[in-house]
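Hi everyone, thanks for coming along. Let me put the structure up on the screen, and then we can walk through a few parts of it together.

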Amino acid sequence: MVRFWLVALVMLAATGPVRAGDRLNVVASFSILGDFVRHVGGDRVDVTTLVGPSSDAHVYVPTPSDAKKVADAKLIFVNGLGFEGWLSRLVKSAGGKASVVITTTGIAPLKLGSEADPHAWQSVVNAKIYVANIRDALAAAAPADAEAFKSRANAYLADLDALEREVREAIAKIPESRRKVISTHNAFGYFAAAYGVEFIAPLGVSTESEASARDIAKIITQIRAAKIPAVFLENISDPRLIGRIAAETGVKVGGTLYSDSLTAEKGDSPTYIAMVRHNIKALTSALSP
Ligand SMILES: [Zn+2]
């Protein structure tokens with residue numbers, strides 16, 4: 001009996017709740033990455049996100065409290081591919097000993113001219129590579145928890161496989177001639193390449209520059225020539241540009257696509273999986289005849 005209790009106690013110690021002080025302190029640069037890290041890290045990791053919900057990471061300006069978060073962290077998870085242009089300066093000025101983990105490592109980047117397209121998460125197959133990179137970095141930083149990270153990652157990867165099937169089935173129901181939309185900035189290149197929906201955007205792969213009158217005129221010509229069924233707003237971008245294009249062409253606004261950011265907890269896309277589901281629902285309902 002004594003022996004039984006000893007074994008039970010040892011098991012409790014191994015699997016019981018993790019105390020706050022034992023948790024690995026990490027930072028994720030933006031909300032989608034923060035969600036991936038939470039799924040893999042579970043209660044063994046404390047995740048802080050720098051660019052919050054419905055905010056634009058392309059043009060983010062770090063705050064003094066971000067410097068403190070970075071200084072206190074063991075790991076900093078970033079997208080890379082030029083997405084967080086402000087990050088290396090922040091890491092340098094914050095000091096600290098955090099390692100920067102580029103979660104897109106192993107993904108073949110799409111190019112738009114000479115620029116890499118950073119929005120690799122918009123393909124669910126790529127999201128799985130992010131998750132594997134996060135799992136490996138967490139395991140290297142906290143080897144005692146490696147098995148826990150592995151099993152949580154496996155469960156989440158299975159959910160992403162199911163999500164990938166969901167996206168393919170949803171897009172397959174849209175007639176091929178109607179699979180084209182206008183979005184504000186070029187955030188859906190990986191989605192387009194993976195699932196065969198054509199996206200045209202007045203802005204480039206970043207939101208840093210504004211669309212010129214010429215860009216807008218070109219888009220309006222394209223909408224008419226290609227008979228594009230719908231234009232979409234984005235949760236991180238000014239809606240006026242798309243509003244103007246919709247008014248001039250008479251094309252309907254199909255709703256909002258979530259490109260670079262999740263919504264807050266109470267919004268309709270507080271997780272990556274919810275975000276992808278939201279987007280395919282918006283696309284299928286706007287593009288179906
Ligand atoms: Zn973007």
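Among the buried residues of helix H10 are Tyr 272, Ile 273, Met 275, Val 276, His 278 and Asn 279. Others on that list include Ile 280, Ala 282, Leu 283, Thr 284, Ala 286 and Leu 287. Buried here means under 20% relative accessible area, exposed means over 50%, and partly exposed is in between, using a 1.4 Å probe and protein chains only. By that rule, H10 is mostly covered, with 12 of its 16 residues buried. Helices are DSSP runs of H or I with at least four residues, strands are E runs of at least two, and both are numbered from the N terminus.

A quick word on where this comes from. This is a predicted model, where local features need pLDDT of at least 70, side-chain atom pairs count only at pLDDT 80 or more, and totals for chains, interfaces and linings use all residues. Residues are numbered from 1 along each chain as its sequence is written, and side-chain values use heavy atoms, with hydrogens and water left out.

Back to the helix. How far apart are the end C-alpha atoms of H10? They are 22 Å apart, which agrees with the 22 Å that its 16 residues should span at 1.5 Å a residue. The expected span is 1.5 Å times one less than the number of residues.

Now for the metal. Which protein donors does the zinc ion have? They are His 58 (NE2), His 119 (NE2), His 185 (NE2) and Asp 260 (OD), at 1.9 to 2.0 Å from the ion. Donors are N, O and S atoms within 2.8 Å of the metal (3.2 Å for Na, K and Ca), and sites may look incomplete because water is not among the atoms. Along the chain, the zinc donors follow the spacing H-x60-H-x65-H-x74-D. His 119 and Asp 260 link distant parts of the chain, 141 residues apart: His 119 is in the loop between strand E6 (115-116) and helix H5 (124-141), and Asp 260 is in the loop between strand E10 (252-257) and helix H10 (272-287). Both His 119 and Asp 260 are buried.

That same E10 to H10 loop holds Leu 262. Leu 262 is buried, with a relative accessible area of 3%. Its C-alpha lies 8.5 Å from that of Asn 235, and the two residues are 27 apart in sequence.

Next, two backbone angles. Most residues other than glycine have a negative phi. Ser 54, however, has a positive phi, near 55°. Ser 54 sits in the loop between strand E2 (45-51) and helix H3 (64-72), and is partly exposed at 35% relative accessible area. Leu 81 also has a positive phi near 55°. Leu 81 belongs to the loop between strand E3 (75-78) and helix H4 (87-94), and counts as partly exposed at 25% relative accessibility.

Last, the empty space. The structure holds 1 cavity of 30 Å³ or more. On a 1 Å grid over the protein atoms alone, a cavity is a set of points where a 1.4 Å probe fits but cannot get out, and lining residues have an atom within 4 Å of a point. Which residues line the largest cavity? They are Gln 122, Val 124, Phe 188, Phe 191, Val 276 and Asn 279. Val 276 and Asn 279 are also among the buried residues of H10, which brings us back to where we started.

Notes:
On a 1 Å grid over the protein atoms alone, a cavity is a set of points where a 1.4 Å probe fits but cannot get out, and a pocket is an open set with protein on both sides within 12 Å along at least five of seven lines; lining residues have an atom within 4 Å of a point. Grid points are joined across faces, edges and corners, and a volume is the space filled by probe spheres set on the points.
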